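Let's take a walk through a protein model together. Keep the structure open beside you and turn it as you read.

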Amino acid sequence: MIRPKRKIKDPDRKPRKGVYILPNALTLCGMFLGFYAIISAINGKFIHSAWAIILANIFDGLDGLVARLTKTTTRFGIELDSLSDLVSFGIAPAILIYKWGLSDFGRVGFAIAFLFVACGALRLARFNIQVGFTKSFKGLPIPGAATMLAAIVIFCQEILNFVPHRDLIFPVITFILSLLMVSNLKFHGLKEIDFREKKPFWILLFFMLILIFIVIHPNFAIFILVSVYVFSGIIENIIILIKKRKQKTEVEDEKNKDI
C-alpha cells in the first residue's frame with residue numbers, strides 16, 4: 001500500500017500577515033472608552049468616566065461575539081482584548097475610584113487602587129491560559145468588578161447626591177472586589193448560553209423587562225443589575241460549599257457505620 005506523502009512544513013516559512021479588522025476595531029473602541037474614562041476621572045468628570053467604563057462593556061462583549069460568529073478568533077485578538085480590558089476595566093476604574101473616594105486616605109487609598117489594577121491583571125493572565133477549558137469564570141470577571149465600581153459612583157452621585165469624604169466603605173468595597181477577581185469562586189458568563197438553541201418564552205419577556213428598566217432609569221438599573229450579578233455569584237458559591245461539606249459529612253458517617 002502506497003501511503004500519501006506528508007507535506008513537510010518549511011521551518012523558514014513566515015506566518016500569514018494581516019489582522020481581522022472588525023473584531024479588533026471593536027476592541028480598540030472599548031480601549032478608547034477606557035482612555036476617555038481615565039482622562040475624565042483626572043479632570044474630575046466622574047460621571048462621564050463611570051459611564052465610559054460601563055459602555056466599554058458593550059464593545060468588550062461585541063468583539064468576542066463577532067470573532068466567534070465569523071470564526072475570526074486569533075491569538076492576536078485575544079492578546080489585544082486583554083490589553084484593552086486592562087485599560088478599560090483595570091486602570092480606568094482604579095483611577096476613577098481613587099480620585100472619587102480613595103484619595104483622602106493618602107497612601108492607603110493609593111495602595112488599594114493599585115491592588116485593583118494588579119488583581120485585574122492577574123485575573124486576565126489567568127483567564128488567558130484557561131481559555132477553552134470552561135465556559136464559566138474562575139473569579140469575578142474584571143468587567144464585572146469595574147462596572148460595580150462605576151455603578152457605585154453613579155448611584156451615589158446621581159441618586160443619593162452623596163460626595164465621599166474619608167468614608168471607609170469605599171476602600172473596603174474596592175479591596176473586596178480586588179480579591180474576588182483572583183478568588184476561585186465560580187461566576188457565570190454569557191458564553192454559557194447557547195443562543196442558537198430554543199429557550200422558554202419567558203426568557204425573552206424577562207430580557208425586555210430588563211431593557212425597559214435600563215431605558216427608564218439607567219442610573220438605578222445598572223447599579224441593581226451588577227449588584228445582583230456579584231452577590232448572586234457569592235451566594236451560589238456559599239451554597240455549593242455548604243452542599244459539598246454536607247456530602248462529605250454524609251460519606252464519613254457512612255464509613256463509620258460500616259466500621
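Helices and strands here are DSSP runs, a helix having at least four residues and a strand at least two, and they are numbered from the N terminus. By that count, the protein chain has 8 helices and 2 strands. Bear in mind as you look that this is a predicted model. If you follow the chain along its sequence, the elements come in the pattern α-α-α-α-β-α-α-β-α-α.

Now zoom out to the whole chain. Its C-alpha atoms fill a box of roughly 85 × 65 × 45 Å along the principal axes. Of the 259 residues in the protein chain, 36% are buried. The surface that the chain exposes comes to about 17,500 Å², and carbon and sulfur atoms supply 68% of it. What about charge? The chain carries 32 positive and 19 negative charges, and the mean positions of the two sets are 9 Å apart. Then there is the matter of who touches whom: among contacts between residues at least 6 apart in sequence, 81% join residues at least 24 apart.

The UniProt record has something to add here. In an unreviewed entry, it places the feature "transmembrane region" at several stretches, including residues 21-42, 48-70 and 199-216. You can check a couple of these against the model. Residues 48-70 are 96% helix and 0% strand, with the end C-alpha atoms 33 Å apart. Over residues 199-216, the chain is 89% helix and 0% strand, and there the end C-alpha atoms are 26 Å apart.

Let's start the close-up tour at helix 1, which covers residues 21-42. Helix 1 has 22 residues and reaches 31 Å from its first C-alpha to its last, close to the 32 Å expected at 1.5 Å a residue. Which of its residues are buried? The list includes P23, N24, L26, T27, G30, L33 and G34, and further along A37, I38, S40 and A41. And what do these buried residues pack against? Their partners are helix 2 (46-69) and helix 3 (75-102). Just after helix 1 you reach G44, which takes a positive phi of about 85°.

Next, find F89 in helix 3. Is F89 buried or exposed? With a relative accessible area of just 1%, it falls under the 20% cut-off, so F89 counts as buried. Look at what surrounds it: leaving aside neighbours within four places in sequence, F89 is in contact with I53, A56, N57, D60, F116, I142, P143 and A146. Compare its position with that of F137: the two are 48 residues apart in sequence, and their C-alpha atoms are 16 Å apart in space.

Another phenylalanine, F114, sits in helix 4 (residues 107-129). F114 has a relative accessible area of 54%, so it counts as exposed. Its C-alpha atom is 14 Å from that of I38, although their places lie 76 residues apart along the chain.

For a case in the middle, go to F220 in helix 8 (residues 218-258). F220 has a relative accessible area of 32%, so it is partly exposed. Not counting residues up to four places away in sequence, F220 touches F155, I159 and F213. I159 is 61 residues from F220 along the chain, and their C-alpha atoms are separated by 7.4 Å.

Now for T174, found in helix 6 (residues 169-181). Its relative accessibility is 0%, so T174 counts as buried. Beyond residues up to four places away in sequence, T174 touches I97, L102, I112, F116 and L149. You've met F116 before, as one of the contacts of F89.

Finally, have a look at the backbone in two loops. Most residues other than glycine have a negative phi. With that in mind, turn to K71, in the loop between helix 2 and helix 3. The phi of K71 is near 55°, a positive value in a residue other than glycine. K71 has 75% relative accessibility, so it counts as exposed. R166 also has a positive phi, near 50°, and again this is a residue other than glycine. You'll find R166 in the loop between helix 5 (142-159) and helix 6.

Technical notes
Residues are numbered from 1 along each chain as its sequence is written. This is a predicted model: local features need pLDDT of at least 70, side-chain atom pairs count only at pLDDT 80 or more; totals for chains, interfaces and linings use all residues. Side-chain values use heavy atoms; hydrogens and water are left out. Buried means under 20% relative accessible area, exposed over 50%, partly exposed in between (1.4 Å probe, protein chains only). Contact means heavy atoms within 4.5 Å. Accessible areas come from the Shrake-Rupley method with a 1.4 Å probe; for residues, only the protein chains shown count as cover. Lys and Arg count as positive and Asp and Glu as negative; His and the chain ends are not counted. The place of a charge is taken as NZ of Lys, CZ of Arg, CG of Asp or CD of Glu. UniProt positions are given in the numbering used here, feature names are shortened, and annotations may be inferred rather than shown by experiment. The expected span of a helix is 1.5 Å times one less than its number of residues.
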